[in-house]
Structure formats: structure tokens, C-alpha cells
Amino acid sequence: MNKKVLRLIPALVFILSSSWAQKQTLDLKTSILGVYSKLYPDYSKQLQWVKGSNEYSLIEKLDGEDHLMMVRKNDEQSIISLPELKQAHEALANLKAMPSLKWVDPQTLAFHVGLKFFKLDATNKKVSQWASLPEGAENLEISPTCDAIAFTRENNLYVWQGDNFKAVTTEENEAIVSGQVPSRNEFGIHNGAYWSEDGKTLAFYQKDETAISIYPLVDVTSLPAKEMPIRYPMAGQASEHVKLGIYNLEQEKTVFAQVTGPRDQYITNVTFGPEGKFIYAGIMNREQNHITLNRYQLSDGAFDKTLFEEKEEKYGQWHYPLQFVPNRPNEFLWVSERDGFEHLYRYNTKGELLNQVTKGDWMITEILGFDKSGKKINMVGTANYGMDRQIYVADVKNTGQKKISPKSGVYTVKYNKANNQFLATFSSNEIAREESILAASGKTVKTILTSENPMEQYQVAKPELFQITAADQATPLNCRIIKPSNFDPNKKYPVIVYTYNGPGVQLITNRYNTGASTWMYTAAEKGYIVFTVDGRGSHNRGKTFKHATHKKLGTEEIADQLEGVNWLKAQPWVNADKMAIHGWSYGGFMTTSLMLKAPDTFKVGVAGGPVMDWKYYEVMYTERYMQTPETNPEGFAEASLLDKTQNLKGDLLIIHGSIDPVVVPQHSMAFLKACVDNEVKVDFFTYPMHEHNVRGKNRVHLMEKVLDYIDEKLGE
């Protein structure tokens, strides 16, 4: 052998071993507090299209200061620096960082600092303040024309316009609430108020909560402790009565859509018509399996017509407002899962179906918008058994679509109608983050940023994605496993199964870190196998997949979780005698269910914020999936964990926030009482003054508690 080669071999060994030695240990504190800093890939701050132009902008550091940069092709121009912004208006003198900026038009940006609102002229760097909201203003909604703001104070709705604000509602009864999100963020509703495109009209929800029971949370920081009452409608009990208000800014007049039907029905899919005369709304029954699309007059709220109705055998989820086709005000796209997946259908305003626009074994997750001609619609949808998010384009007059994104993974996208291009952020299990501009064909026009994987600084293993078959012996289920970085197939490892498996949530995606919480890497480095399976009932796999659990929550999900356990037990490197399970919220329900319904499976369970009996959970969510205790007594009885405590064999720790307004503490209290009554030993820990989860620095304490408990009990 060549002597030079011989000399290189030990040097190469030294380099490789030194590289391995330089990798850091990912401690639990870093894994939790570093999620959005040390462990987050590099990214472009405030990357966005300049509205109405072909350019984009972002924040960059130049000479140590943040600059808002506009990019034209390959040329960058500084619009304004942070020091210049601070000097542009006396109210901004104490800014510590660049505020969130939004383009209103090619020359103007809007931003706010606290409750003060400003506009920045990008051509001359002048800043003007155009609004200042009163203290206590919440739920802010800026009009598309950026000259008015809707906001709430306590239970009433207001609009700022000109130099002052006006009351849209003046309800003295605190149980009548306007301008806030109704239905506990269900039905795809994220706003309590909606502006028309011309900014002349404001639609808003008003909910009458008078009949809803009051739940007594307790503030333990005062002396003595005092009540923090919330209104919380439990399954089968009285629900809210929702109305749709319409406020005309010019006339300063409020009317209500004349919606008929039961008081406890729901109003969804609120959309202003492009002609400026009508507002559209879906009226959904309390059972959530029937929706009627109605049209109402903006002028007086009078009912105009019913366009069509849609029914589902089990339940329906109609999340999206109407998408009116540009230049064709009598045509719109409607999202329905009537063929098993959420797809687009083209209707006219007579209520006639013209054609199905998209189809296939995938579902839309976001509508990006029409192209300039109005002939094509762009959207993001699933692929790869729901683990990918891909970019699709479809012709509105035909059925079918084309996937234009080039790689398997998750795309987050901003579409620009002006140049028919996409600002695309991409990641996968292999690529931490890429930012690029994609043409309508999917071809990369420009790469803006490619980030290194920050996890490569640490001694951790990459997650592995694979599939197993569900308990129905037919459906593929997505799985994730994280092993120790020094994994030895000849050893046997204890296991932590992390679970959720509930409606509306997907734990496993083909993105950076695969959706895994970073504490899982720390647990793996301690010598655990960390495993997750998204069983039937979870999100983004179509109607049949999610409807499998209807009226019987905690049955098919348990069967699928146990299929995951069976797969684990079949691996020679798994210690089947040392298995733990952990989950939060629905995952807490699943954890407790598995400890009681499959008591010989897991030696240890840690259930956070768990549902223990669905009759204690809120109306909208529970009744969609379980109906009511009166109409589905068998399903509620089977799912309840309060009468099954005697089955517990392993060690179980229950954790609950003391002021949890989502899964109220009564769940855990009732479970603990049942344990005491049955002389069953169980462990309990509460986080005083925390809500449904434990956030901030206290989350380190939480995960130390969880992992220490698992370490201790599995080690016995």
C-alpha cells in the first residue's frame, strides 16, 4: 500500500472520531426551550410577496441592524432599517425589534405596535399613525382597505374609523358576546368578525351564552382563592345561540341575518358575495350532519334563497368559505368531502352543480387562490398517505388536477397572482428547510435559502417513517420511531409510546423532525425507543379513515395502538416488559384507556389533561364524534374510564392544569374519586394556574416529571 495512504488512514480516523466527539448532548432543557431558537432551522424573517407586484421582501441584517429588503430579481434594495423606522415617528422610538410588516399595496406597508397602528410609505420612509385603540381592545381585525379596525372590549364589538371608534353592539348582558370566535374554534372558524373586500361592511358572530352552564375554575394566586367562572357547555346540555350580524360602516347600522331554525344550530362558511348585495352562510344542525347553504341580503339581513343542502350519514365538516370565481360573480367553488376526501366543486348562484374540480385519494388543506385569468385554482393538499403537503393546480371547468411541487415533503406556500408564482418553504425528514420561488409549472425560479439541519449538531438519530396495517387488516397506518444514536440491534430497549390518535390531529408528517417533539430525542439518548402511530380516527386521511371511530371513541383507536405494540414486540431489540405510554388531551384519554382496557400491555402510563368521561367534554366536539349521552348511551358508557379503574395493573400518573378550560379539571377529579372509592393506587400532579397544557419555562419541569416517572417505574 502507498505510504501516503497509510499516513492518511489514522488521520481520517482521527477526523471522524473528533467530528463525532464534537457533537453535543441534547439535554432536556435545550430540547424544550430551544425549539424555536437553537433547534430551529435558519429562515428568512417576514418573507412575503409585495402586494400587487412581482417582488418579494424580507428582513435581513446589514451592519448589525435589521433592514426591510425588497428583492427585484437578483437586486436587493433596503426599504428601511430599524434605526430609520425608530426615527420616523416618535411613537416608535423605543422599538427593540422590527415589527411585523404587511404590504397594503406596492408602495405602502402597515404595522402596529401594541394598540397603535401605522402606515409606512416605502418610497420616502415616512410613517404615519392612523389608529390608536383603547386599552382592553382584543380580537383585532383590520379591513382589507386598511382604514378601519374591528375589535372587541369585554363582550361588545367596536369599529375604529377615522379618529375614533364606534360601538357596533351595546349589550349590557355579559352572556351576549359579539365579535368573538363562536363554537370554541370549531368548524374551521378562526375569526369572530369578517370584512367585505371593499371594507364597507363587517359581518360578525353574536353568541347568546345565557343558557350555558357556568364552570367554576379557581384562581389560587389570590388570598383567599377566588372563582374564575367560565361558560362551558357539556355534551347534551344547553349550547350557545349564534346569530350573524351585519354592520354597514357608512350608515353605522347593524342588522342580523334572518336565520330560522333551532336556537342551537350553528352558522359557518360566512362569505360576502362579490356583487356587494349578499352574504352567504352555511346553517348546520346541532348533530353536524346536515348543512344548508343560504343567501341573505346585506341591506336588511332578509333571507334571499337556499342554494343547496348537503348531508352526511355520520358527520360533516365544512371548513371553507365560498371561493367566488374572478370575473364570474355567479360562480363559486365549494369544498365538500362527499366522495370521501375534501375536494372542490363548482356551483352557480342558482345552486346548480356545474362540475367537480378536484378528485382523488387526497384532500385539500389550504386554498391559495385563483390565477389572474380566474381559470385556474391553486391549492395545497395531502399526498403520501397524508404525510406530505403538496402544491396542486386545477382548471375550474374540468375535473382533475396537477401536482406541481417537485419533492416529497411538506410545502408551506404564499401565492402571487401578479406573476403566477409561489413563495415556497419546503422541509422533509431529509431536508431541514428550503425557501424558493416556484413557477406555475413547479420549476424552481430562484432558491432563496437552504438551511442546514440544526439537529446535526447533536448526538441524535434521524426519525424513521414507515407503515403498519391497522386492526381492520386493510388500512395502512403511518408510524414514526426514534432510536438512540448508538442503537445496537443486539440489545433490548425499553419503549415510550407517544400517542394522540384523536380527531383533527396528525402527529406524523414528512417534514423537519417529522412533527416529533424534540424531548423525544433526549428520551431516545437516555436509552429509549420512542414510537408513535397515527391510527384510524386521526386527521388528513379521508372520511372513511376518520369516521371509523364515530360513536365509539377509544375503541378502534385502541385496537390500532395495540397493532403498533404488536409490531414493537416483534422486533428483537424491544424489551416488551418495559413499555410506557404518554399522551396529552385526547392522548391522555388514550393513555388512560390503554392502561385500563389493555392492562397487561404497558407497565407505566403518564396521562396529561385527559378526558375521562365524554359527558364532561364540550358540546361541539363531543357531539360531532359521539352524539349525546342520551342518543348514544352505549358509546358513552364504553368510552368512560370512571368505572374501569379497578382494571389498572401498572403505574399511572395523571397530570392536569388547575385552570384547564378545555378538558376541565373535573375529569381528573372524578377519576381520582373513582380510584379512591375502588382502593386503586394512582399518582396525580397538578400545575397551578396552567391551562390545557404547560407552556414556557415550566414545560421543562413538566417533561422532567414525565420522564423521571417513566425512568423510576420502568426501572423497578
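**Reading the labels in this model**

Reader: Why does Asp-600 count as exposed?

Author: Asp-600 has a relative accessibility of 62%, and exposed means over 50%, so the label fits Asp-600. Do keep in mind that this is a predicted model.

Reader: What makes the pair of Asp-600 and Lys-649 a salt bridge?

Author: Their side chains come to 2.8 Å, N to O, and the rule asks for a nitrogen within 4 Å of a carboxyl oxygen, so the pair qualifies. Asp-600 lies in the loop between α7 and β41, and Lys-649 in the loop between α9 and β42, so the pair ties together parts that are 49 residues apart in sequence. Lys-649, at 57%, is exposed too.

Reader: How do you know whether Asp-66 is buried or exposed?

Author: Buried means under 20%. Asp-66 has a relative accessible area of 10%, so Asp-66 is buried. Its salt-bridge partner is Lys-61, with the closest N and O atoms 3.1 Å apart. Lys-61 is exposed, at 56%.

Reader: And why is Lys-407 called partly exposed?

Author: Its relative accessible area is 32%. Partly exposed lies between the 20% and 50% cut-offs, so that is the right label for Lys-407. Lys-407 also forms a salt bridge with Glu-434, at 2.4 Å.

Reader: What makes helix α6 roughly perpendicular to α7?

Author: Their axes come within 10 Å and cross at roughly 75°. Angles of 65 to 115 degrees count as roughly perpendicular, so the name suits α6 and α7. Residues making the contact include Ile-558 and Leu-562 of α6 and Met-590 and Leu-594 of α7.

Methods
Residues are numbered from 1 along each chain as its sequence is written. This is a predicted model: local features need pLDDT of at least 70, side-chain atom pairs count only at pLDDT 80 or more; totals for chains, interfaces and linings use all residues. Side-chain values use heavy atoms; hydrogens and water are left out. Axes are lines fitted to C-alpha atoms, for helices over the stretch in contact, and angles run from 0 to 180 degrees between N-to-C directions. Helices (H or I, at least four residues) and strands (E, at least two) are DSSP runs, numbered from the N terminus. Angles under 35 degrees count as roughly parallel, over 145 as roughly antiparallel, 65 to 115 as roughly perpendicular and the rest as oblique. Contact means heavy atoms within 4.5 Å. Buried means under 20% relative accessible area, exposed over 50%, partly exposed in between (1.4 Å probe, protein chains only).
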